[in-house]
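Here is my note for your first look at this model. Please keep the structure open while you read.

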Amino acid sequence: MRANQNSKTLSADELKFEELLASGRKIEPRDWMPDDYRKTLIRQIGQHAHSEIIGMQPEGNWITRAPSLKRKAILMSKVQDEAGHGLYLYSAAETLEADRTDMLEKLNNGKMKYSSIFNYPTPCWADMGAIGWLVDGAAICNQVPLCRTSYGPYARAMVRICKEESFHQRQGYEIMLTLCRGSAEQKQMAQDALNRWWWPSIMMFGPRDDKSPNSELSLKWKIKLFSNDELRQKFVDIAVPQANILGLTVPDNDLSWNEETGHYTYGEPDWEEFFEVIQGNGPCNKERVSNRREAHENGQWVRDAAIAYAEKRAKISRPKTTQDPL
Ligand code: FAQ
């Protein structure tokens, strides 16, 4: 036993955990960890996994209507990548003894959250550009630091995810660039999409730091390395010059460059809307969850077949004994 900074007496397990954190080495599934550290990770990784698979829907909506075969192939492969990200993340959550079936049930019955951003509609092709540019752009700002998060399996999953997200961001920006270099009508489509996606992307980073109940512990445990507001500022600083290159106007009257801080000052998002969306009352929440439930029910035969196959394989590979004629 030894006392920590707050002079709380630590057990040998707690001491080892704190030493691992302080040294910058990863916490691995074999290591002892506080219950709340495990719970926080399952909550965050689970929500993140759910966001990836629900996030397939707004873009999946455009696969059949992409303007060319090439655009269709690119979009299809992006949406498949999101499914893959979901799989890595569910696997990372399983290393914490979370049960995948249970997590999916909680997604389907609204007991677990997914990102607010995927509850907005995609009425126009330009939305595919805005999602790639802004939503994947915001995801990269949030997720690159997660490659160094304290829990090993989550950090390693994030390395691969971030490589793919950065390709996604570029494909979105390239769609916006093509529209902005096209006809006046196409440029207007791009502007409308920016108007629709700017504020939801700003809100993606979560509530303001003074309204973020989970941040204190997550920062202490190095699950989060930066606060919600720090990451939001980073995103604004990157995205505004990109909008300028496109010749588009960011829909924020309070936006200005602050010479002193070296950052953009930006306006306050509609936090009431944000909390409505995360409570299930956004424009598309019901549709997203109902599609998800339907897909899960339609996939029952795949799960049944996989179980039947696993049982058959187990029987065949069981070693022969005198009691077992197989
Ligand atoms: N949406 O105390 P905090 C992507 C909840 S993946 C919904 O600040 P925390 C890729 C939060 O859960 C996008 N709920 O929480 C892609 C908490 O509720 P709880 C997903 C939100 O965890 C691109 C409450 O508010 N990315 O985009 C949101 O410390 C294109 C209080 O908040 C991740 O999940 C929100 N936006 O910080 C896919 C990244 N924000 O659980 C397809 C990993 C907050 O206590 C197409 N996650 N809430 O009931 C994180 O970094 C963190 O979890 C934050 C929230 C920063 C999202």
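The points below cover the ligand, two serines and a pair of helices.

1. Start with the status of the model. It is predicted. Keep that in mind at every point.

2. Look at the ligand next. It is surrounded by 35 residues. The closest are Lys-113, Ser-116, Ser-212, Lys-224 and Asn-228. On its own, the ligand has 1100 Å² of accessible area, and the protein covers 91% of that.

3. Now check the ligand's oxygen atoms. An N or O atom in the side chain of Arg-43 is 2.9 Å from one oxygen atom of the ligand. The backbone also takes part. A polar backbone atom of Asn-214 lies 2.9 Å from a ligand oxygen. For a backbone N or O atom of Pro-213, the distance to a ligand oxygen is 3.3 Å.

4. Turn to Ser-215, which sits in helix H9 (residues 215–220). Is Ser-215 buried or exposed? Its relative accessible area is 6%. Buried means under 20%, so Ser-215 is buried. Beyond its neighbours within four places in sequence, Ser-215 contacts Lys-224 and Asn-228. Both of these are also among the residues closest to the ligand.

5. Compare Ser-115. This residue lies in the loop between helix H5 (100–108) and helix H6 (126–143). Ser-115 counts as buried because its relative accessibility is 17%, and the cut-off is under 20%. Outside its neighbours within four places in sequence, Ser-115 touches Ser-51 and Met-204.

6. Finish with helices H12 (residues 285–298) and H13 (residues 300–317). They pack at about 40 degrees, with axes 4 Å apart. H12 contributes His-296, Glu-297 and Asn-298 to the contact, and H13 contributes Gln-300, Trp-301 and Arg-303. One of these residues is nonpolar, three are polar and two are charged.

Note on methods. Residues numbered from 1 in each chain as written. Predicted model: local features only at pLDDT ≥ 70, side-chain atom pairs only at ≥ 80, totals over all residues. Heavy atoms only, no water. Helix = DSSP H or I, 4+ residues; strand = E, 2+ residues; numbered from the N terminus. Buried < 20%, exposed > 50% of the residue type's maximum accessible area, 1.4 Å probe, protein only. Contact = heavy atoms within 4.5 Å. Axes fitted to C-alpha atoms, helices over the stretch in contact; angles between N-to-C directions. Nonpolar A, V, L, I, M, F, W, Y, C, P; charged D, E, K, R; others polar. Near = heavy atom within 4 Å. Polar contact = N/O pair within 3.5 Å; in protein donor to acceptor, adjacent residues only side chain to side chain. Areas by Shrake-Rupley, 256 points an atom, 1.4 Å probe, with all protein chains shown as cover.
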